[in-house]
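Open the model in your viewer and show it as a cartoon. Keep the sequence panel beside it, and be ready to select residues by number.

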Amino acid sequence: MAGPMKMRATLGQGYTDVRVLMTHPMETGQRKDADGKVVPMHFIQNLTVKVNGRTVIEGQTSQAVSRNPVFSFRLRGGAKGDKIEVSWLDTHGETNKTETAVA
């Protein structure tokens, strides 16, 4: 169900800006399909960000996040070429991850 992610990491003065697009249906469990049946919950529940293999952010989300969410955050420090990895786990046990180097 989930598709590829796109990520960009750019270096500023003393910080690194990261922006990631996650392709995911993010179903709330409240919507009904064409037949009137409730579409079951299916959303990203855990999010992890690593810099050069070290975890710097761990977070949880809920069904309140929209379909194909975009997350943007700023990390203190960083250098060109640092490896940024973002991964998630959803309510169905599916996972996805992507990585990029700081530009």
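This tour goes through a predicted model, one selection at a time.

**Stop 1: the four-stranded sheet**

Strands of a sheet pair through backbone hydrogen bonds, either parallel or antiparallel. Start with strands 4, 3, 6 and 7. Together they form an open sheet in the order 4-3-6-7, and the pairing is antiparallel. Which strands stand at the edges? They are strand 4 and strand 7 (95–101). Each has a single partner strand, so one side of each lacks a neighbour in the sheet. Now look along the sheet for its twist, which averages 15 degrees from one strand to the next.

**Stop 2: strand 3 and its two partners**

Select residues 44–51, which are strand 3. Add residues 54–60, which are strand 4. Six bridges join these two antiparallel strands. Next, add residues 83–90 for strand 6. How many bridges pair strand 3 with strand 6? There are seven, again in the antiparallel sense.

Now pick Lys50 and look both ways. In strand 4, its bridge partner is Thr55. In strand 6, Lys50 stands opposite Glu85.

**Stop 3: the hairpin turn**

Stay with strand 3 and strand 4. Their hairpin has two residues between the strands. Click Asn52 in this hairpin: its phi is positive, near 50 degrees. Keep that in mind, because most residues other than glycine have a negative phi.

**Stop 4: Asp82**

Move to Asp82, in the loop between strand 5 and strand 6. Is it buried or exposed? Asp82 has 15% relative accessibility, so it counts as buried; the cut-off for buried is under 20%.

Show what surrounds it. Setting aside neighbours within four places in sequence, Asp82 is in contact with Val51, Asn52, Thr100, Ala101 and Val102. You met Asn52 in the hairpin. Try the distance tool too. The C-alpha atoms of Asp82 and Gly53 are separated by 9.8 Å, although these residues are 29 residues apart along the chain.

**Stop 5: the three-stranded sheet**

Switch to strands 1, 2 and 5. They make an open sheet in the order 1-2-5, with antiparallel pairing. Strand 1 and strand 5 are the edge strands, and each pairs on one side only. Direction ignored, neighbouring strands here are turned by 15 degrees against each other on average.

Zoom in on strand 2 and strand 5. Seven bridges pair them in the antiparallel sense. Select Thr16 and find its bridge partner in strand 5, Leu75.

**Stop 6: a ring with a charge above it**

Select Tyr15 and Arg74. Arg74 lies over the face of the Tyr15 ring, at 3.8 Å from the ring centre. What does a search for aromatic pairs find? Over the whole structure, it finds zero.

**Stop 7: the nonpolar core**

Show side chains now. The largest nonpolar core has 18 residues. Which of them touch the most other members? Pick out Val18, Met22, Ile84 and Val86. Two or more residues come from each of strand 1 (5–11), strand 2 (15–22), strand 3, strand 5 (70–76) and strand 6. Strand 3 gives the most, with four residues.

Centre the view on Met22. Leaving out neighbours within four places in sequence, Met22 is in contact with Met5, Ile44, Leu47, Asn68, Pro69, Phe71, Val86 and Trp88.

**Stop 8: two more positive phi values**

One of those contacts of Met22 is Asn68. Find Asn68 in the loop between strand 4 and strand 5. Its phi is positive, near 50 degrees. Asn68 is partly exposed, at 33% relative accessible area.

Then go to Met26, in the loop between strand 2 and strand 3. Met26 is not a glycine, yet its phi is positive, at about 50 degrees. With a relative accessible area of 5%, Met26 is buried.

**Stop 9: Pro40**

Finish with Pro40, in the loop between strand 2 and strand 3. Pro40 is exposed, with a relative accessible area of 56%. Not counting residues up to four places away in sequence, Pro40 touches Glu27 and Gly29. For a last distance, choose Pro40 and Gly77. They are 37 residues apart along the chain, and their C-alpha atoms are separated by 41 Å.

Conventions
Residues numbered from 1 in each chain as written. Predicted model: local features only at pLDDT ≥ 70, side-chain atom pairs only at ≥ 80, totals over all residues. Heavy atoms only, no water. Pairing = 2+ DSSP bridges. Axes fitted to C-alpha atoms, helices over the stretch in contact; angles between N-to-C directions. Phe/Tyr/Trp six-rings, centres within 6.5 Å; stacked < 30°, edge-to-face > 60°. Lys NZ or Arg CZ within 6 Å of the ring centre and 35° of its normal. Core = buried A, V, L, I, M, F, W, Y, C linked by side-chain atoms within 4.5 Å. Buried < 20%, exposed > 50% of the residue type's maximum accessible area, 1.4 Å probe, protein only. Contact = heavy atoms within 4.5 Å.
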